Amino acid sequence: MSRKFFLAALLAVSFAGCTKPDMTPVTGVLMLNGQPAAEAEVMFNPKTTGRLAVGKTDATGRFKLSTGAPDDGAVPGEYVVTLCEYYPPDKPPKMTSGPLPSRFPQKYGNPSTSPLTVTVERGGKNEFSFEVAK
């Protein structure tokens with residue numbers, strides 16, 4: 001094997017580990033008791049490998065996921081979806097010894113108890129709708 005070939009192969013492998021994963025746009029709507037859930041955080045927690053993707057709902061309950069850049073979507077794969085209140089950076093929640101207050105049932109705030117699961121598919125529509133009740 002030539003030295004040039006070896007160096008080229010080593011360089012290619014080095015850069016392969018630094019490439020940005022393929023992102024897929026992901027949008028959706030969150031409803032709570034039949035009403036849009038405004039100002040909520042929707043989190044897609046990877047089941048195995050991947051990255052956490054997060055979206056904030058607007059007044060109509062709609063969200064777009066972001067992983068590394070605004071609205072860039074999520075890495076294709078399987079996710080457990082969790083829900084919580086959105087707290088703006090300038091208005092953090094008051095620290096308590098227990099869980100933070102939430103309008104969502106507690107099971108939706110933990111990836112090990114949330115019943116919401118989705119699969120983000122490369123090239124798919126990836127538009128999800130969640131209806132939860134208190």
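Colleague: I'm new to this structure, so let me start with one residue: why does asparagine 33 count as partly exposed?
Modeller: Happy to help! This is a predicted model, where local features need pLDDT of at least 70, side-chain atom pairs count only at pLDDT 80 or more, and totals for chains, interfaces and linings use all residues. Residues are numbered from 1 along each chain as its sequence is written, and side-chain values use heavy atoms, leaving out hydrogens and water. Asparagine 33 counts as partly exposed (buried is under 20% relative accessible area, exposed over 50%, partly exposed in between, with a 1.4 Å probe and protein chains only) because its relative accessibility is 44%.

Colleague: Where in the chain does asparagine 33 have its place?
Modeller: Asparagine 33 has a positive phi of about 55°, although it is not a glycine. Its place is in a loop, and the strands on either side (DSSP runs E of at least two residues, numbered from the N terminus, while helices are H or I runs of at least four) are E1 (27-32) and E2 (35-36).

Colleague: Which pattern does the protein chain follow along the sequence?
Modeller: The secondary structure of the protein chain comes to one helix and eight strands. Read along the sequence, these follow the pattern α-β-β-β-β-β-β-β-β.

Colleague: What share of the residues of the protein chain counts as buried?
Modeller: The protein chain has 134 residues. Asparagine 126 is a buried one, with a relative accessible area of 7%. For the protein chain, the buried share is 29%.

Colleague: What is the phi of asparagine 126?
Modeller: Asparagine 126 lies in the loop between E7 and strand E8 (127-132). Its phi is positive in a residue other than glycine, with a value near 50°.

Colleague: Which residue of E4 is the bridge partner of phenylalanine 44?
Modeller: Phenylalanine 44 belongs to strand E3 (residues 40-46). E3 and E4 run antiparallel and are joined by four bridges (two strands pair if DSSP finds at least two bridges between them). In E4, phenylalanine 44 has as its partner alanine 53.

Colleague: What is the phi of glycine 50 in the turn between E3 and E4?
Modeller: E3 and E4 form a hairpin, and six residues lie between them. Glycine 50 sits in that turn, and its phi is positive, at about 135°.

Colleague: Which side chains of E4 point to one face and are buried?
Modeller: Strand E4 covers residues 53-56, and its side chains alternate. Val54 and Lys56 point to the other face and are not buried. That leaves the buried face to Ala53 and Gly55.

Colleague: How many bridges pair E3 with E6?
Modeller: One place to look is proline 46, which stands opposite tyrosine 79 in E6. E3 and E6 pair in the antiparallel sense, and the bridges between them number seven.

Colleague: Why is the pair of phenylalanine 44 and tyrosine 79 called tilted?
Modeller: Rings of Phe, Tyr and Trp (its six-membered ring) pair if their centres lie within 6.5 Å; planes under 30 degrees apart count as stacked, over 60 as edge-to-face and the rest as tilted. The ring centres of phenylalanine 44 and tyrosine 79 are 5.7 Å apart. Their pair is tilted because the planes stand at 50°.

Colleague: How many residues apart in the chain are phenylalanine 44 and tyrosine 79?
Modeller: Phenylalanine 44 and tyrosine 79 are both buried. Phenylalanine 44 lies in E3, tyrosine 79 in strand E6 (residues 77-85), and the pair links distant parts of the chain. Along the chain, their separation in residues is 35.

Colleague: Which residues do ring pairs link into a cluster?
Modeller: The structure holds six aromatic pairs. Phenylalanine 44 and tyrosine 79 make one pair, and they also belong to the cluster. In full, the cluster is Phe44, Phe63, Tyr79, Phe128 and Phe130.

Colleague: Which residue of E7 stands opposite glycine 77?
Modeller: E6 runs antiparallel to strand E7 (residues 117-120), and four bridges join them. Valine 80 stands opposite threonine 117 in E7. Glycine 77 stands opposite valine 120.

Colleague: Which side chains of E7 are buried?
Modeller: The side chains alternate along E7. Thr117 and Thr119 point to one face and are not buried, while the other face has the buried Val118 and Val120.

Colleague: What is the distance in space between glutamate 131 and leucine 32?
Modeller: Glutamate 131 lies in strand E8 and counts as exposed, with 51% relative accessibility. In sequence, glutamate 131 and leucine 32 are 99 residues apart. In space, C-alpha to C-alpha, their distance is 6.0 Å.
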